[in-house]
Structures are given as C-alpha cells and as structure tokens.
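Got the viewer open? Let's take a short walk through this one, one selection at a time.

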Amino acid sequence: MPDMEQVAVRARGLVKNYGSTRALGGVDLDIPTGQVLGLLGPNGAGKTTVVRILTTLLRPDSGEASVAGHDVLTEPDAVRASIGVSGQYAAVDENLTGFENLYMIGRLYGLPKRQAKQRSHELLRRFQLAEAADRATKGYSGGMRRRLDLAGALVAEPRVVVLDEPTTGLDPRGRLDMWAVIEQLVATGATVLLTTQYLEEADRLADSIVVIDKGMVIARGTAEELKSRIGGERLELVLDDIDDVTSAVQVLEEVGISEPTVEEPIRKVTVFVDTGAKALVEALRKLDAQHIAIQDVALRRPTLDDVFLALTGRATATDEEATP
Ligand SMILES: Nc1ncnc2c1ncn2[C@@H]1O[C@H](COP(=O)(O)OP(=O)(O)O)[C@@H](O)[C@H]1O
Ligand SMILES: [Mg+2]
C-alpha cells in the first residue's frame, strides 16, 4: 500500500477520557515520512495523551492510529520497535556516565557490544556530549540531560521519533542547543512528532503544525498558512503617557479589525488591521487630533503567538465562521 510508505504516523478520531475529564475529543493527524509535525498546545491540551497512545502506553477509548504502517492496538510490539521517545522528564540514569547510559540502551535493544559502543560514541559527538561522555550524569545540566535522553531515543535508529516537550523548563541557551540537535536529527530524514507549548519552536522546527486546545484540533497547516489565516498585520503603538491608554484603545478600535490589546508595563497598544499602511496613517491622524503622543509605531506581520491568541481567544466563533 503506497499510502503507508508515505504516511509514517496516522491517527483518526482519537478519544480519551480520564474519568469525567475529556483529554481528547477526536484528534486526527498525519505525518508524512521524513517530516516534522508540531503538535502545539498549552498545558493540559492533550499532547502527552496523544504521545502515550501513539507509543502504545495507553489505549484510546475510540479511534485508531498507526506508526510506520503498524496498528498501535493490534501490533504494539512492531510499533515500539519503530519508534524512539524522548520526553520532558529525561529518563537518564543518574549514577551512570553519559556513555554508559547509551551503551546500556544499545545492549537492551540487542546491539552487539562493538556496535553499541560505536553508536554511543557517535551520538555523544553528535549531541555535543563527547567531552562529558565519561562523567556521571548527576553533574549534567538540564540541557545536557535532555540531549542525552534524546540520544537514548535514537540508539536503535527508530524510523519515527517522538519528542514530548523537549525544551520545556530549559533556559534560553539550553533551548537553542536542543533546537540545533533537533535540526540535525531532522536533516537525517527522521519522521518526528514534536509536542510543544512554544510557538517559536513549532515555527522553527515543524513542517506542519496541528494546534490543539482542550483535546480538540483548533487549527492545522504550515506556520505560514496559520499566520496568513489571521489576515492582515498588527499595528503596534507605544504611548508616551500611559494615561492616554483609554483614548488610544478607542482609536485603534476604529481602525482595526480586532479587539485592541494593552501591555501596560511597556505602554503598548496593539490591534490587527487589514488595510496596512492606510490604517496606520489613519490611526496616526486620529491620535494627533487628540494630542496623544506616541513614542514608537510599527506595522508587523502576525506571529504564531498572535495566531494562537486569536484561535484560543475566540475559538468557538472561529469554528462557526469557518463552517458555512
Ligand atoms: N492519568 C491521568 N488521570 C487523570 N487525568 C489526566 C491524566 N493524564 C492527563 N490527564 C488530564 O488530561 C488532560 C490532557 O493532559 P495531557 O495529555 O497530559 O496534556 P498536555 O500534555 O498537553 O499538557 C488534562 O486535563 C490532564 O489533567
Ligand atoms: Mg504533556
């Protein structure tokens, strides 16, 4: 079946309830072979539940899923053999060195000693851990642990790699290092499911994005498609005087197509506009007429953050609008 060759991960109608909590309300997703899917959603959205179903750790109440052509319910062993998982809670043995951790995993997967050794060294180099290879992982930083955990998921050369919030809790430096490592992994042609709460991360690493909230898919597409869904640009004003905020909000309500938002500490007022520079000029004219002084003004393309705010802020209305 050519379909299975092209789609490495496929899920249809996944539903999961924990008692009276609906964790998933019918999630569909496809990951073409060799691509990265970003599963984007806030805490509690259902990301880990999707991961646990795809990795055979949890049975869905209904729906079906396959990984590398194997059904998660009827062929769990084949699924586990084709998947590598790395998570938010790094599964690293504290008392072993970095090398020992990987070597042990290699042996558990049945690699001969020499191959397990070779593979461990290769991964340690690739993940910038070669120098720390012989130190106990107790002394590793959070970022180093995450990288080692990811290396562990790759020892058996899985066809599909699942990364559940790989950078949550890392400092900016650790996050950048992790991104570099994930980009290398992607360059090797791996199929990746990456869950994240960070729009910037999905924007940078994912070929396509599925946005979930409260167990429901609220949007899907490439980062560019999602951004263009918002339509228009964002107009940002920084006021001289925070006392002008009410009047400035009123002006932006008149020229914009969304509810203006205010960031008080930086005296910034923002609105979406669909007429670009024309809206900007109109806003400036109205502000001037009311003697509202501004320090800075900008017209920007929407970011994925804007997309997410717009989607979750008026998710129901958006769904209704999208349904003819
Ligand atoms: N073992 C569990 N028992 C009860 N509720 C759970 C359990 N695991 C997850 N949940 C609930 O299911 C929902 C989705 O959780 P989860 O998939 O962990 O979300 P995410 O990974 O996106 O943060 C949340 O409301 C969470 O509280
Ligand atoms: Mg989670």
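Which residues of α7 are buried? Keep that in mind while you get set up: what you have on screen is a predicted model.

**Stop one: helix α7.** Select residues 172-187, which make up helix α7. Now colour in the answer to the opening question: Gly174, Arg175, Asp177, Met178, Trp179, Val181, Ile182 and Leu185 are the buried residues of α7.

What do the buried residues of α7 pack against? Show α5 (113-126), α6 (142-154), β7 (160-164), β8 and α8 (199-205), and you have their packing partners.

Next, try a distance check between the end C-alpha atoms of α7: they are 23 Å apart. That agrees with expectation, because 16 residues at 1.5 Å a residue should span 22 Å.

**Stop two: just past the helix.** Click on Gly189, which follows α7. The phi of Gly189 is positive, near 95°.

**Stop three: strand β3.** Select residues 36-40. Is strand β3 mostly covered or uncovered? Mostly covered: five of its five residues are buried. Turn the strand around and look at both faces: Val36, Gly38 and Leu40 lie on one side, Leu37 and Leu39 on the other, and all of them are buried.

**Stop four: the partners of β3.** Add residues 191-196, strand β8, which pairs with β3 in the parallel sense over five bridges. Zoom in on Leu39 and you'll find Thr195 of β8 standing opposite. Then add residues 208-213, strand β9: here β3 pairs in the parallel sense too, over four bridges. Look for Gly38, which stands opposite Ile209 in β9.

Terms used. Residues numbered from 1 in each chain as written. Chains lettered and ligands numbered in written order. Predicted model: local features only at pLDDT ≥ 70, side-chain atom pairs only at ≥ 80, totals over all residues. Heavy atoms only, no water. Buried < 20%, exposed > 50% of the residue type's maximum accessible area, 1.4 Å probe, protein only. Helix = DSSP H or I, 4+ residues; strand = E, 2+ residues; numbered from the N terminus. Pairing = 2+ DSSP bridges. Expected span 1.5 Å × (residues − 1). Contact = heavy atoms within 4.5 Å.
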